[in-house]
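Q: I have a structure open and would like to learn how to read it feature by feature. Can you walk me through it, ligand first?

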Amino acid sequence: MALEKSGLVKTERVLGPDKVPGDESQIPNPKVPLALVLFGSPGSGKGTQSNLLSKALGIQQISTGDMLREHVRKGNAVGTAVEAKLKAGFLVKDEVVNALVEKRLAEPDAARGFILDGYPRTRAQAEVLCRMLAARGANEVVIHLVVDYNVIIARLTGRRQCPVCGTLYNVISKPPKVPGVCDLEGAKLIVREDDREEVIRERLEAYEKQTRPLLDYFREKGKTLYEIDATNETPEQVFRKIEALIRKQ
Ligand code: ADP
């Protein structure tokens, strides 16, 4: 079975039946913020799924990786402080990431709900998140995208990006029409700095040591946790499964 509930007792309803008139959000009960936590190894498809879900549910996608890269691009104090960590595939300090998320969640567009992609990644982050969510009475749903290790390696090592428009390709699963060349810009595709093999190894190690154990933490805390086998599925199929699961709560 591709979709299975992972041995947790559900403690609360995630979505209710009533929608507020004029509410553009697609979540069935916008009165209770939905905190969707996408959990999974680098390369498991969290970014792709949170993007699709954000559009379908009308709630914001919050990616700590994107936020950190944006600070690096701007060259501000946070960016300068974290740049070396990102390049090497090491986790950024908890205080830095927690502060970014706390500030982001306080923005008005996060009031109805949000999708967390790449956060929390450590025990200290999970504890801070639990406090933030309890304070706003959010319904928290954790979705673990389970992808076979060899598939993860193939995805990460095969990833290529257009340096001009940012479009992502994969030499195996989403190749450009002409090998090594962007379909849209005609530019020569590059390997993202943290997709180099030694950095991929670091990112996966950080996940195994610091992030995967959070699954036990969520279980201990009685969080609603679903596991989705996303190894042999297209992004669209994975999305349909998650969407169905959320809508039927
Ligand atoms: P991936 O999940 O494929 O590694 P991300 O874009 O989520 O990609 O993260 C890229 C990098 O950003 C990580 O390797 C890490 O250095 C940093 N990062 C992102 N989220 C966090 C976080 N929650 N805690 C610490 N570092 C983070």
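Q: Which element gives the most to the shell around the ligand?
A: Here a residue counts as near the ligand if one of its heavy atoms lies within 4 Å of it. Helices (H or I, at least four residues) and strands (E, at least two) are DSSP runs, numbered from the N terminus. In this predicted model, H2 gives the most to that shell, with four residues. Among the 16 residues around the ligand, Thr64, Phe90, Gly118, Gln125 and Arg203 come nearest.

Q: Before going on, what should I know about the numbering and the cut-offs of the model?
A: Residues are numbered from 1 along each chain as its sequence is written, and side-chain values use heavy atoms, with hydrogens and water left out. As this is a predicted model, local features need pLDDT of at least 70 and side-chain atom pairs count only at pLDDT 80 or more, while totals for chains, interfaces and linings use all residues.

Q: Which polar side-chain atom lies 2.6 Å from an oxygen atom of the ligand?
A: Look for polar contacts, meaning pairs of N or O atoms within 3.5 Å. The one you're after belongs to Arg203. An N or O atom in the Lys46 side chain is 3.4 Å from a ligand oxygen, and a polar backbone atom of Val92 sits 3.0 Å from a ligand nitrogen.

Q: How much of the ligand's accessible area does the protein cover?
A: Areas like this come from the Shrake-Rupley method with a 1.4 Å probe. On its own the ligand has 550 Å² of accessible area, and the protein covers 95% of that.

Q: Now the core: which residues touch the most other members?
A: In soluble globular proteins, nonpolar side chains tend to be buried together. A nonpolar core is a set of buried Ala, Val, Leu, Ile, Met, Phe, Trp, Tyr and Cys residues joined through side-chain atoms within 4.5 Å, with buried meaning under 20% relative accessible area (1.4 Å probe, protein chains only). In the largest one, of 31 residues, Phe39, Phe114, Leu116, Tyr119, Leu129 and Met132 touch the most other members. H5 gives the most to this core, with six residues.

Q: What is Leu129 in contact with, leaving aside its neighbours within four places in sequence?
A: Contact means heavy atoms within 4.5 Å. For Leu129 the partners are Val37, Leu116, Tyr119, Pro120 and Glu140. Apart from this core lies another, of 24 residues, including Leu34, Ile115, Leu245 and Ile246.

Key. Buried means under 20% relative accessible area, exposed over 50%, partly exposed in between (1.4 Å probe, protein chains only). A polar contact is a pair of N or O atoms within 3.5 Å; within protein, one must be able to donate a hydrogen and the other to accept it, and residues adjacent in sequence count only if both atoms are side-chain atoms.
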